[in-house]
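Student: I would like to learn how the terms used for a protein model are justified by the numbers behind them. Could we go through some of them slowly?

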Amino acid sequence: MSEIKYKRILLKVSGEALAGAAHRGLDFDVINNVCKAIKECTDLGVQVGLMVGAGNFWRGVKDGADKMQRSHADAMGMLGTVMNSIAVADALTKHGVDARVLSAVEMHKFCEYFTRDLADRYLNEGKVVIFAAGTGNPYFSTDTGVVLRGVEIEADAILMAKNIDAIYSADPNKDPDAVRYTQLTYAEALAKNLRATDITAMALAMDNNMTMVCFGLDEENSIVRVVRGEAIGTTVKN
């Protein structure tokens, strides 16, 4: 237990990351690597919550823009997160990790309905809890969903595993002069309009004094390294 910095985490993995090089669908090599890291964390005694996006299937605000009513497009995105959650739960089970999918929208045929107390109980029992369907409401991203759930379960930190290794002042793929940050306050991130997450998620994390670490999923053993307190990526806090 002395090896870990965070006892209870909420990990966010983007849907695009789960798609791997194909950029659509599910890359089970990527999923299995995530599951191995989660298992290593649970073996260390870390309580792990997980939320996955749906960008590998559908992004409501992008794919449905000017073509669908926003609430309907966002509903499709929520369903995409449920599909991803079921896939990751299945993979975790194959790695010997007990996982439960809790959905913000009732769909008892496929997963359990989220309540804070049920999630807390499962985490204390050593199960990995996968939060599906975002907040259950349109106009809110899974970034906001992960902060909301992180606050509800009283996580020690939110871990944002992304396709980029840190927060930058601009897109480093487009701007060679982009500045890489290792530490930020929420006030600085909001003032500089650094869109590591959406503004609602940042404001909610700031209001609830939540620590957030943004780092690259494809860096070797990055999830476990963050849990152990290694300074990778960007840490954001008040």
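Student: How many aromatic pairs does the count come to?

Tutor: This is a predicted model, and in it the count comes to one aromatic pair. The rings concerned are those of Phe114 and Phe131, whose centres are 5.8 Å apart, and since ring centres have to lie within 6.5 Å to pair, these two qualify as a pair.

Student: What makes the pair of Phe114 and Phe131 edge-to-face?

Tutor: The planes of the two rings are at 70°, and planes over 60 degrees apart count as edge-to-face, so that is the name given to this pair.

Student: Which parts of the chain does the pair tie together?

Tutor: Phe114 lies in the loop between strand 4 (112-113) and helix 5 (116-124), while Phe131 belongs to strand 5 (residues 128-132), so the pair links parts that are 17 residues apart in sequence.

Student: Are Phe114 and Phe131 buried or exposed, and how do you know that?

Tutor: A residue is called buried if its relative accessible area is under 20%. Phe114 has a value of 10% and Phe131 one of 1%, so both are buried.

Student: What lies over the face of Phe114?

Tutor: Arg149 does, at 3.8 Å from the ring centre. In another place, the charged end of Arg100 sits over the ring of Tyr122, at 5.5 Å from the centre of that ring. For an Arg, the distance from CZ to the ring centre has to be within 6 Å, and the values for Arg149 and Arg100 both satisfy this.

Student: How many disulfides are found, and why is Cys111 in no such bond?

Tutor: A search of the whole structure finds zero disulfides. The sulfur of Cys41 has as its nearest cysteine sulfur that of Cys35, 12 Å away, and the sulfur of Cys111 is 17 Å from its closest one, also in Cys35. A disulfide needs two sulfur atoms within 2.5 Å, so Cys111 is too far away for a bond.

Student: Why are Cys41 and Cys111 called buried?

Tutor: The relative accessible area is 1% for Cys41 and 8% for Cys111, and because buried means under 20%, the word fits both residues.

Student: Which helix gives the largest share of the lining of the second largest pocket?

Tutor: That share, six residues, comes from helix 2. The pocket has a volume of about 320 Å³, and among the residues closest to its centre are Asn33 and Asp218.

Conventions:
Residues numbered from 1 in each chain as written. Predicted model: local features only at pLDDT ≥ 70, side-chain atom pairs only at ≥ 80, totals over all residues. Heavy atoms only, no water. Phe/Tyr/Trp six-rings, centres within 6.5 Å; stacked < 30°, edge-to-face > 60°. Helix = DSSP H or I, 4+ residues; strand = E, 2+ residues; numbered from the N terminus. Buried < 20%, exposed > 50% of the residue type's maximum accessible area, 1.4 Å probe, protein only. Lys NZ or Arg CZ within 6 Å of the ring centre and 35° of its normal. 1 Å grid on protein atoms, 1.4 Å probe; cavity = no way out; pocket = protein on both sides within 12 Å on 5 of 7 lines; lining within 4 Å. Points joined across faces, edges and corners; volume = space filled by probe spheres on them.
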